[in-house]
Amino acid sequence: MKDEKIIHNKELSIWEALLPVIILVALLAFNVFVYGDDSLGGSNQFILLIGGAIAAIVGVFNKVKFDRMLEEVANNIKSTSGAILILLFVGALAGTWLISGVIPAMIYYGLQILSPSYFLAACVIICSIISVATGSSWTTSATVGIALVGIGGALGISAGMTAGAVISGAYFGDKMSPLSDTTNLAPAMAGTDLFTHIRYMSLTTVPTMIVTLILFTIIGLNLDTTTIPDTGSLLSAIEESFIITPWLFIVPVVVILLILKKAPPLMALLVGTLLAAVFALVFQPEIVMGITNSQELNLINAYQGVMNAITVETKITTSNEILNGLFTAGGMYGMLGTIWLILCAMVFGGIMDAIGALSKISKTLLNAFDSIFGLFASTVASCLALNLTASDQYLAIVVPGKMYAQAYKEKNLAPENLSRTLEDSGTVTSVLVPWNTCGAYQSSVLGVDTTAYIGYAFFNYLSPFTTLLFAAFQIKIKQLTQKK
């Protein structure tokens, strides 16, 4: 759990605090217009640095020392070290899971079990179960999420739709699992206990999930099945290229069991990578030889084939063009663009915090409303603003948690109202921001641009509306003391 803080300096005007944000959003919008999906290849990263430079200029004019800004940037970057290592290990895991046949096996059996009509709803349910069990939306996406996107692609379903379903289910579980770090962080910031928080949060989370499942079911039932590829040819192409056996599922089962036993995520991913490498040598020796262009599998070739899958891009060619696009993994190298994006986002967020801009924006939002609904709306707006500006879901929980705790008490509202609102708006919307650590991670791991899945991540953008709806109609708003 992170001990995040908010910086208080000489108070900026609201326009000074918002100036870097306004310019950043305008530049990012223009950049996406020019580059489209290629904007994440590097140009967006530089725009984030430009935004940080503008924030630094505002800080200099307000007597904030440059060393202080650099110190906060360093702290921000340090806080992402775990996420960066996880990204590298996920890249390695994806490579070995491909050459070992784990991902092809998931797609192979998934094509036989899952019908296009209920595939999207099934994605939500599967990812919800895995995420509740593991407490991690990131692990869910890096394991079953990758396979489900592959299955969806083979069925002719939009990658954006499938990714939206995966993310919806993954974040439902992330919110509701007592093993989740954000689920523990939110009640700690608000001043309530974990299980009170989970029970109270279910009042808004379960209805949102029901609506999400209904929407995906409707979409699935209205899919144009005439464009869906012949699964028979897909299955034959997989069988021609890989040895498919249920024994391959030992690898993902071991990873999930390790996480359930509360093993560190990095250790679980490392074990999953190494175990898959062994399975690749046992079950797919021809694939490993193909990577190294060798005629025999000796020690050197085996080592080189596995290391190439772990570190650089790997492509497995089959007789089916659709599968050729799916059977590609970027390895650790494929994650470097996302890591670059996270580092640049932390530069912008760190400088914004150091100059006191985040503090000013939160205070302004807090003072803008006086009613109970206004307080909830202010909390939601603060979480959204911090996901956009600080680029980190932890800050989007910690900062509003600290800023609003007293205000909720003054309104005679139980602390679980605040903890629930923090999760309903801070945790789930982080993945909708391309330069947020969560948005960058999910986009990179699933191989789907944020702009492609944002319209289908129903659970994530409906959650803030649900919590505001409950506040507007005074539904299940618990008070500290009951009125007589």
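A pocket, as used here, is an open set of grid points where a 1.4 Å probe fits, with protein on both sides within 12 Å along at least five of seven lines. Rolling a probe the size of a water molecule over the atoms shows where empty space is left. The model is predicted, and its largest pocket has a volume of about 1000 Å³. The lining of that pocket takes in 37 residues. Closest to the centre are Ser 443, Ser 444, Val 445, Leu 446 and Gly 447.

Which helix gives the most to the lining of the largest pocket? Helix 22 does, with 5 residues. That helix spans 437-446. Other elements supply at least two lining residues each, among them helix 4 (81-99), helix 5 (102-113), helix 7 (137-154) and helix 17 (336-354). Helix 16 (321-326) and strand 2 (328-329) are also on that list. By class, the lining has 20 nonpolar, 14 polar and 3 charged residues.

Now turn to the second largest pocket. About 760 Å³ of space lies in it. Its lining counts 32 residues. Nearest the centre lie Ile 86, Ser 136, Asp 181, Pro 265 and Tyr 394. At least two lining residues come from each of helix 4, helix 7, helix 8 (159-176), helix 13 (265-283), helix 20 (393-410) and helix 22. The class split is 17 nonpolar, 10 polar and 5 charged residues. Helix 4, helix 7 and helix 22 supply at least two residues to the largest pocket, and they do so for the second largest pocket too.

Next come the charged pairs. Side chains of opposite charge can pair when their charged atoms come close. The count comes to 4 salt bridges. Start with Arg 68. Its side chain meets that of Glu 71 in a salt bridge, at 3.6 Å from N to O. Arg 68 also forms a salt bridge with Glu 72, where the closest N and O atoms are 3.3 Å apart. Arg 68, Glu 71 and Glu 72 are thus linked in a network of salt bridges.

How many residues separate Glu 71 and Arg 68 in helix 3? They are 3 residues apart, in a helix that covers residues 66-79, so about one helical turn separates them. Arg 68 and Glu 72 are 4 residues apart in helix 3, again about one helical turn. Exposure varies within this network. Glu 71 is partly exposed at 45% relative accessibility. Arg 68 is partly exposed as well, at 22%. Glu 72 is buried, with a relative accessible area of 3%.

Another salt bridge joins the side chains of Asp 424 and Lys 175, with 2.4 Å from N to O. Asp 424 lies in helix 21 (residues 415-429) and Lys 175 in helix 8, so this pair ties together parts that are 249 residues apart in sequence. Are these two residues buried or exposed? Asp 424 is buried, and so is Lys 175.

Last, the cysteines. A disulfide is a covalent bond between the sulfur atoms of two cysteines. The structure holds 0 disulfides. Why is Cys 344 without such a bond? Its sulfur is 17 Å from the closest cysteine sulfur, in Cys 438, which is too far. The cut-off for a disulfide is 2.5 Å. Cys 383 also has Cys 438 as the holder of its closest cysteine sulfur, at 13 Å, and that too is too far for a bond. Cys 344 counts as buried at 5% relative accessibility, and Cys 383 counts as buried at 0%.

Terms used. Residues are numbered from 1 along each chain as its sequence is written. This is a predicted model: local features need pLDDT of at least 70, side-chain atom pairs count only at pLDDT 80 or more; totals for chains, interfaces and linings use all residues. Side-chain values use heavy atoms; hydrogens and water are left out. Buried means under 20% relative accessible area, exposed over 50%, partly exposed in between (1.4 Å probe, protein chains only). On a 1 Å grid over the protein atoms alone, a cavity is a set of points where a 1.4 Å probe fits but cannot get out, and a pocket is an open set with protein on both sides within 12 Å along at least five of seven lines; lining residues have an atom within 4 Å of a point. Grid points are joined across faces, edges and corners, and a volume is the space filled by probe spheres set on the points. Ala, Val, Leu, Ile, Met, Phe, Trp, Tyr, Cys and Pro count as nonpolar, Asp, Glu, Lys and Arg as charged, and the others, Gly among them, as polar.
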